[in-house]
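Work through the exercises below with the sequence and the model open. Try each task before reading its solution.

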There are 2 protein chains.
Amino acid sequence: MRIGELARRADCPVETVRYYEKAGLLPAPRRSGANYRSYAAGHAERLAFILRCRSLDMSLPEIRSLLEAIDRPGADCSGIDALLDEHIGHVSARILELKRLRAELASIRARCAGAKATAECGIVKTLARSRAAPREPSHVAAAHGVARRARKGF
Amino acid sequence: MRIGELARRADCPVETVRYYEKAGLLPAPRRSGANYRSYAAGHAERLAFILRCRSLDMSLPEIRSLLEAIDRPGADCSGIDALLDEHIGHVSARILELKRLRAELASIRARCAGAKATAECGIVKTLARSRAAPREPSHVAAAHGVARRARKGF
DNA sequence: GCTTGACCCTGTAGCCGCTCCAGGGTTTGC
DNA sequence: GCAAACCCTGGAGCGGCTACAGGGTCAAGC
């Protein structure tokens, strides 16, 4: 199976497959004479697993941990449980944060009844006031498994 | 006021101030003889406004729109209202998405009672099954104003 | 006057998870 | 024998910063 067919079966872009190989999530397959990647069924399974985890918003390092655990099939799976619990904790925390955010946005939105001059707009006035608790630097965030950036159609 | 004091007052890193200038959000201040940036009170206000909007998870393009509206103080503010409504919609949609996600994660988590061998772990087995509805490409997402990536401590 | 340290400057590279492109080579079907 | 569809590598780009490197400037203390 060449990369195009693997990608079609997994319903993901070809570039993503190559990216996961470079990122060390998908093992490098053997190559054909023309230097084409040649995949076996195991690769398709592994790719499906990775995509499933991504659809659950896990980060690539988290998925790597899971894959490493799976590659030691005899070992006990408590680390997997813990990883999932932690990930669920991240999701819950993010939900709470967004709810607080939405409440604040709603209260700001309520300050403008519409169609005034910008200079008198209650929204603008409210936004000009000082912000709430400072946010954390983003470089530390990358270690976690729930994305913040929105997707298309969001 | 030099950049260090402006940043201290706004409680944000100096690099961020320079970044906002380069991004066209904060007007370039005049320079001292030694080519140091020299800020006035208006800059501090504007920076505070930007940071407040960021703390509400608005994207830089969204904030730019708001600033442009504010810079036309006579015009009517319906565009501002609409922008806020749209942003609130993004936040709500993301909350819904994360709740669905959390429910799915919880059901996966429930499949493992703990301390089995990885090969028998119900979580691993469930994750190996095919994923739900495919996700949208991320490059389109950047247009929106609610971040997906987590922060430190998240 | 000289040193030390705190501050400032520009420019570049890195983070995540891709996505897209240029510029080439190969395979497949007609 | 040729076009279209596929494949390859390497690099740049997205957002919103952060963190350097490698320099210049300034104020205080000796």
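The structure holds zero disulfides over all chains, a disulfide being a pair of cysteine sulfur atoms within 2.5 Å. This is a predicted model, where local features need pLDDT of at least 70 and side-chain atom pairs count only at pLDDT 80 or more, while totals for chains, interfaces and linings use all residues. Residues are numbered from 1 along each chain as its sequence is written, chains are lettered from A and ligands numbered from 1 in the order in which they are written, and side-chain values use heavy atoms, with hydrogens and water left out.

**Exercise 1. Cysteines**

Find why Cys53(A) has no bonded partner, and state where the nearest cysteine sulfur to Cys112(A) lies.

Solution.
- Step 1. Recall the chemistry: a disulfide is a covalent bond between the sulfur atoms of two cysteines.
- Step 2. Take Cys53(A). Its closest cysteine sulfur is in Cys121(B), 12 Å away, so the pair is too far apart for a bond.
- Step 3. Check its cover. Cys53(A) is buried at 0% relative accessibility. Buried means under 20% relative accessible area, exposed over 50%, and partly exposed in between (1.4 Å probe, protein chains only).
- Step 4. Take Cys112(A). The sulfur of Cys77(B) is nearest, at 3.4 Å, and Cys112(A) is in no disulfide.
- Step 5. Cys112(A) is also buried, with a relative accessible area of 5%.

**Exercise 2. Chain A as a whole**

Give the order of helices and strands in chain A, then its burial and surface.

Solution.
- Step 1. Count the elements: chain A has seven helices and three strands. They are DSSP runs numbered from the N terminus: helices (H or I) of at least four residues, strands (E) of at least two.
- Step 2. Read along the sequence. The pattern is α-α-β-β-α-α-α-α-α-β.
- Step 3. Chain A has 154 residues, and 42% of them count as buried.
- Step 4. The accessible surface of chain A is about 7700 Å², with 53% belonging to carbon and sulfur atoms. The areas come from the Shrake-Rupley method with a 1.4 Å probe; for residues, only the protein chains shown count as cover.
- Step 5. Look at contacts (heavy atoms within 4.5 Å). Among those in chain A with a separation of 6 or more, 48% join residues 24 or more positions apart.

**Exercise 3. The surface near DNA strand C**

Which residues come nearest to DNA strand C, and which helix gives the most to the surface near it?

Solution.
- Step 1. Set the cut-off: a residue is near a strand if one of its heavy atoms lies within 4 Å of it.
- Step 2. Of the 25 residues around DNA strand C, the nearest are Tyr20(A), Tyr36(A), Arg54(A), Gly4(B) and Arg18(B). Sugar and phosphate make up 81% of the atoms of DNA strand C that come within 4 Å of the protein.
- Step 3. Look at the phosphate oxygens. A polar side-chain atom of Tyr20(A) sits 2.6 Å from one. Arg18(B) also places a polar side-chain atom 2.6 Å from a phosphate oxygen. Gly4(B) uses a polar backbone atom, at 2.6 Å.
- Step 4. Assign the helices. Helix 2 (14–22) and helix 4 (60–70) of chain A, with helix 1 (3–10) and helix 7 (138–141) of chain B, each supply at least two residues. Helix 2 of chain A gives the most, with four.
- Step 5. Sort by class: eleven nonpolar, six polar and eight charged residues. Ala, Val, Leu, Ile, Met, Phe, Trp, Tyr, Cys and Pro count as nonpolar, Asp, Glu, Lys and Arg as charged, and the others, Gly among them, as polar.

**Exercise 4. Acidic side chains in chain B**

What does the side chain of Asp57(B) contact, and is Glu62(B) buried or exposed?

Solution.
- Step 1. Locate Asp57(B). It is in the loop between helix 3 (41–55) and helix 4 (60–70) of chain B.
- Step 2. Asp57(B) is buried, at 0% relative accessible area.
- Step 3. Its side chain makes a polar contact of 3.0 Å with the side chain of Arg94(A). A polar contact is a pair of N or O atoms within 3.5 Å; within protein, one must be able to donate a hydrogen and the other to accept it, and residues adjacent in sequence count only if both atoms are side-chain atoms.
- Step 4. Move to Glu62(B), in helix 4 of chain B. Glu62(B) is buried, with a relative accessible area of 9%.
- Step 5. A polar side-chain atom of Glu62(B) lies 3.0 Å from the backbone nitrogen of Ser59(B).
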